[in-house]
Amino acid sequence: MIRILIADPDPATRKALTLLLQRKLDRNIITEAQDVETLIRALADTPPDLLLLDWNLYGSPAPETCRLLQKAYPHLKIILLSVDAHDEPAARSAGAGFIYKGASPDELIAVLKLHAPK
């Protein structure tokens, strides 16, 4: 069972991702965070295996947040989500996977499976 945390300020995006993951990926525990404060609490309570982190989550630049989280949680897999496809190189240089929010559900699931812990 994989624990997935979706950290995105938009409730509609969190809900859509949760529904997609529940439908396409069996037997996962999915939690949500709407801001950095909630994200930190969720990580402290029960660190997930996979974090879907919105590029524009309030509080800190995504690549820097990614680097800090990787230091604190070395086994945490992080995928940055962005509405700008040009953010992909910065996500990769921060050690994260990347999903363009305009990608199809099948593309999103393929990226998740690629980065999901084995």
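A residue counts as exposed when its relative accessible area is over 50%, as buried when that area is under 20%, and as partly exposed in between. These terms are applied below to a predicted model.

Asp 106 is a case of the exposed class, because its relative accessible area is 54%. The side chain of Asp 106 meets that of Lys 24 in a salt bridge, with 3.8 Å from N to O. Asp 106 belongs to helix α5 (residues 105–115) and Lys 24 to helix α1, so this pair ties together parts that lie 82 residues apart in sequence. Lys 24, for its part, is partly exposed, with a relative accessible area of 37%.

Helix α1 also takes part in a second contact of this kind. Arg 14 and Glu 32 form a salt bridge through their side chains, at 3.2 Å from N to O. Here, too, distant parts of the chain are linked: Arg 14 sits in helix α1 (residues 11–24) and Glu 32 in strand β2 (residues 28–33), 18 residues apart. The two partners fall into separate accessibility classes: Arg 14 is buried, at 11%, whereas Glu 32 is partly exposed, at 35%.

Arg 14 leads on to the packing of helix α1 itself. The buried residues of this helix are Arg 14, Leu 17, Thr 18, Leu 20 and Leu 21. Viewed down the axis of α1, they fall within an arc of 165°, and therefore they line one face of the helix. An α-helix has 3.6 residues a turn, so residues three or four places apart point the same way. The buried residues of α1 pack against four strands and a helix, namely β1 (2–7), β2, β3 (50–54), β4 (77–82) and α5. The length of α1 can be checked as well: at 1.5 Å a residue, its 14 residues should span 20 Å, and this agrees with the 20 Å between its end C-alpha atoms.

A further salt bridge lies within a single helix. Arg 41 pairs with Glu 37, and their closest N and O atoms are 2.9 Å apart. Because Arg 41 and Glu 37 are 4 residues apart in helix α2 (residues 36–45), about one helical turn separates them. Arg 41 is partly exposed, at 45% relative accessibility, while Glu 37 counts as exposed, at 54%. Elsewhere, Asp 8, Asp 54 and Lys 101 are joined into one network by salt bridges that share partners. In total, the structure holds 7 salt bridges.

How values were computed:
Residues are numbered from 1 along each chain as its sequence is written. This is a predicted model: local features need pLDDT of at least 70, side-chain atom pairs count only at pLDDT 80 or more; totals for chains, interfaces and linings use all residues. Side-chain values use heavy atoms; hydrogens and water are left out. A salt bridge is a side-chain nitrogen of Lys or Arg within 4 Å of a carboxyl oxygen of Asp or Glu. Helices (H or I, at least four residues) and strands (E, at least two) are DSSP runs, numbered from the N terminus. Buried means under 20% relative accessible area, exposed over 50%, partly exposed in between (1.4 Å probe, protein chains only). The expected span of a helix is 1.5 Å times one less than its number of residues. The arc is that of the directions from the helix axis to the C-beta atoms. Contact means heavy atoms within 4.5 Å.
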